[in-house]
Amino acid sequence: MINNYRSIIFDYDDTLVQTRSIRYKTIKTITLEVFNHTISDAEIDFAWGLPADDFLLRIFGRFSDNLEYLWKIYNHYKKF
């Protein structure tokens, strides 16, 4: 028996939708408005691609190590 299944695979992040530039803006806004600091693209680049919790701690860990708090802030800001 021959199966005639076809698949299409899409890479959503940074291929179909430019999520990187949106997320960089969100991270920069959080860093400035919540923590009263600035962050460079190079600092974000250094953390980009890490698992989510590790990413947040690499970016915001100097301000707090409370992941629940950091996720709450991040999820709030990414809505805008």
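**Salt bridges, core and helix packing**

A search of the whole structure, which is a predicted model, finds 2 salt bridges. In one of them, the side chains of Lys28 and Asp41 meet, with 2.6 Å from N to O. Lys28 belongs to helix H1 and Asp41 to helix H2, so this pair ties together parts of the chain that are 13 residues apart in sequence. Both partners can be placed on the scale from buried to exposed. Lys28 has a relative accessibility of 32% and therefore counts as partly exposed. Asp41 is likewise partly exposed, because its relative accessible area is 38%, and the range for this class runs between 20% and 50%.

The salt bridge between Glu43 and Arg62 has its closest N and O atoms 3.6 Å apart. Here, too, distant parts of the chain are linked: Glu43 sits in helix H2, while Arg62 is found in the loop between H3 and H4, 19 residues apart. Glu43 is partly exposed, at a relative accessible area of 34%.

Glu43 deserves a further look. Its side chain also reaches the backbone nitrogen of Ser40, at 2.8 Å. Not counting residues up to four places away in sequence, Glu43 touches Thr38, Ile59 and Arg62. Of these, Ile59 is 16 residues from Glu43 in sequence, and their C-alpha atoms are 7.5 Å apart in space.

Attention now turns to the interior. The largest nonpolar core is made up of 15 residues, and those with the most contacts inside it are Ile27, Ile30, Ile44, Phe55, Ile59 and Phe60. Four helices each supply at least two residues of this core: H1 (19-33), H2 (41-47), H3 (52-60) and H4 (67-77). Phe55 shows how such contacts reach along the chain. With residues up to four places away in sequence set aside, Phe55 touches Ile27, Ile44, Ala47, Trp48 and Leu50.

Helix H3 gives a clear example of how a helix can be arranged. Its buried residues are Phe55, Leu56, Ile59 and Phe60. Viewed down the axis of H3, these buried residues fall within an arc of 100°, so they line one face of the helix. The partners of the buried residues of H3 are H1, H2 and H4, against which they pack.

Two threonines of helix H1 complete the picture. The place of Thr26 is in H1, and Thr31 lies in that helix too. Thr26 has a relative accessible area of 10% and is therefore buried, since the limit for buried is under 20%. Apart from residues up to four places away in sequence, Thr26 touches Tyr74, Tyr77 and Lys78. Two of these contacts, Tyr74 and Tyr77, fall within the span given for H4 (67-77).

Thr31 counts as buried because its relative accessibility is 0%. A polar atom of the Thr31 side chain lies 2.8 Å from the backbone oxygen of Ile27, and Ile27 is itself among the core residues with the most contacts. Leaving aside neighbours within four places in sequence, Thr31 is in contact with Asn36, His37, Thr38, Ile39, Phe60 and Phe63. One of these, Phe60, is also listed among the buried residues of H3, while Thr38 is touched by Glu43 as well.

How values were computed:
Residues are numbered from 1 along each chain as its sequence is written. This is a predicted model: local features need pLDDT of at least 70, side-chain atom pairs count only at pLDDT 80 or more; totals for chains, interfaces and linings use all residues. Side-chain values use heavy atoms; hydrogens and water are left out. A nonpolar core is a set of buried Ala, Val, Leu, Ile, Met, Phe, Trp, Tyr and Cys residues joined through side-chain atoms within 4.5 Å. Buried means under 20% relative accessible area, exposed over 50%, partly exposed in between (1.4 Å probe, protein chains only). Contact means heavy atoms within 4.5 Å. A salt bridge is a side-chain nitrogen of Lys or Arg within 4 Å of a carboxyl oxygen of Asp or Glu. The arc is that of the directions from the helix axis to the C-beta atoms. A polar contact is a pair of N or O atoms within 3.5 Å; within protein, one must be able to donate a hydrogen and the other to accept it, and residues adjacent in sequence count only if both atoms are side-chain atoms.
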